[in-house]
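Hi everyone, thanks for making time today. I'd like to walk you through a structure that is probably new to most of you.

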Amino acid sequence: MKRLTMTLFLSLFATGLLAQSATQSDNPCLVKRQDIQRQIDQAKAHGNERRLAGLHKALQENEANCTPESLRRERERDVSQAREKVVERERELSQAKAEGESKKKIAKRERKLAEANAELHRAQKIADER
């Protein structure tokens with residue numbers, strides 16, 4: 001009897017979690033709000049008052065202004081900015097090669113380009129998730 005009760009309880013609990021996660025993924029503002037709250041909890045635990053103040057402000061702005069459309073636009077803006085950074089880094093690398101700069105400086109430009117590409121991929125992944 002205990003085994004049946006426990007199995008039933010775990011099944012209901014798992015179903016509840018699945019329903020909750022489905023609801024949360026339908027509302028990206030709620031997901032973002034929960035992420036901010038998680039960061040608030042971490043900041044409290046570490047006694048980081050300045051971060052805590054900024055996070056409370058972010059939470060208030062999220063509650064007042066967040067819509068799925070505004071989040072979509074924000075993600076598109078992040079992707080656009082990352083693309084611009086990649087183009088800028090490519091131009092800097094090409095210019096360094098054309099001017100015959102040292103291998104060390106060219107390697108530095110290549111690293112910066114790789115970082116910009118990684119940021120672009122991250123931004124695109126986030127934009128595609130929602």
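I'll start with the overall picture, then turn to one helix, the cores, a pocket and a few single residues.

Please keep in mind that what you see is a predicted model. The protein has five helices and zero strands, and reading along the sequence gives the pattern α-α-α-α-α. There are 130 residues in the protein, and buried ones make up 21% of them. What about contacts between parts of the sequence that lie well apart? If we take contacts between residues at least 6 apart in sequence, 55% of them join residues at least 24 apart.

Now let's look at helix H4, which covers residues 68–98. How far apart should the ends of its 31 residues be? At 1.5 Å a residue, the expected span is 45 Å, and the end C-alpha atoms are 45 Å apart, so the two agree. After H4 comes Gly100, which has a positive phi, near 70°.

Which residues of H4 are buried? They are Ser70, Leu71, Arg75, Val79, Ala82, Val86, Arg89, Glu92, Leu93 and Ala96. Here is a handy piece of background: an α-helix has 3.6 residues a turn, so residues three or four places apart point the same way. And what covers those buried residues of H4? The cover includes helix H2 (28–46), helix H3 (49–65) and helix H5 (103–129).

Let me pick out two residues in this helix. Glu92 sits in H4, and its relative accessible area is 14%; buried means under 20%, so Glu92 counts as buried. Its C-alpha atom is separated by 9.3 Å from that of Glu110, and the pair is 18 residues apart along the chain. Gln81 is also placed in H4, but Gln81 is partly exposed, with a relative accessible area of 44%. Between the C-alpha atoms of Gln81 and Glu119 there are 9.9 Å, with 38 residues separating the two along the chain.

On to the cores. As a general point, in soluble globular proteins nonpolar side chains tend to be buried together. Here, the largest nonpolar core has 10 residues: Val79, Ala82, Val86, Leu93, Ala96, Ile106, Leu113, Ala116, Leu120 and Ala123. H4 and H5 each supply at least two residues of this core. To get a feel for one member, take Ala123: leaving aside neighbours within four places in sequence, Ala123 is in contact with Asp78, Val79 and Ala82. Apart from the largest core lies another core, of six residues, including Ile36, Ile40, Leu52 and Leu59.

Next, a pocket. The second largest one has a volume of about 170 Å³. Its lining is made of Lys32, Ile36, Ala58, Glu61, Asn62, Asn65, Cys66, Ser70, Leu71 and Glu74. The elements giving two or more residues to that lining are H2, H3 and H4. Which element gives the most to the lining of this pocket? That is H3, with four residues. Sorted by class, the lining has four nonpolar, three polar and three charged residues.

Let me finish with a residue in another helix. Gln39 has its place in helix H2. Is Gln39 buried or exposed? Its relative accessible area is 18%, and since buried means under 20%, Gln39 is buried. Setting aside neighbours within four places in sequence, Gln39 is in contact with Arg51 and Leu55.

That's the tour, and I'm happy to go back to any part of it.

How values were computed:
Residues numbered from 1 in each chain as written. Predicted model: local features only at pLDDT ≥ 70, side-chain atom pairs only at ≥ 80, totals over all residues. Heavy atoms only, no water. Expected span 1.5 Å × (residues − 1). Buried < 20%, exposed > 50% of the residue type's maximum accessible area, 1.4 Å probe, protein only. Contact = heavy atoms within 4.5 Å. 1 Å grid on protein atoms, 1.4 Å probe; cavity = no way out; pocket = protein on both sides within 12 Å on 5 of 7 lines; lining within 4 Å. Points joined across faces, edges and corners; volume = space filled by probe spheres on them. Nonpolar A, V, L, I, M, F, W, Y, C, P; charged D, E, K, R; others polar. Core = buried A, V, L, I, M, F, W, Y, C linked by side-chain atoms within 4.5 Å.
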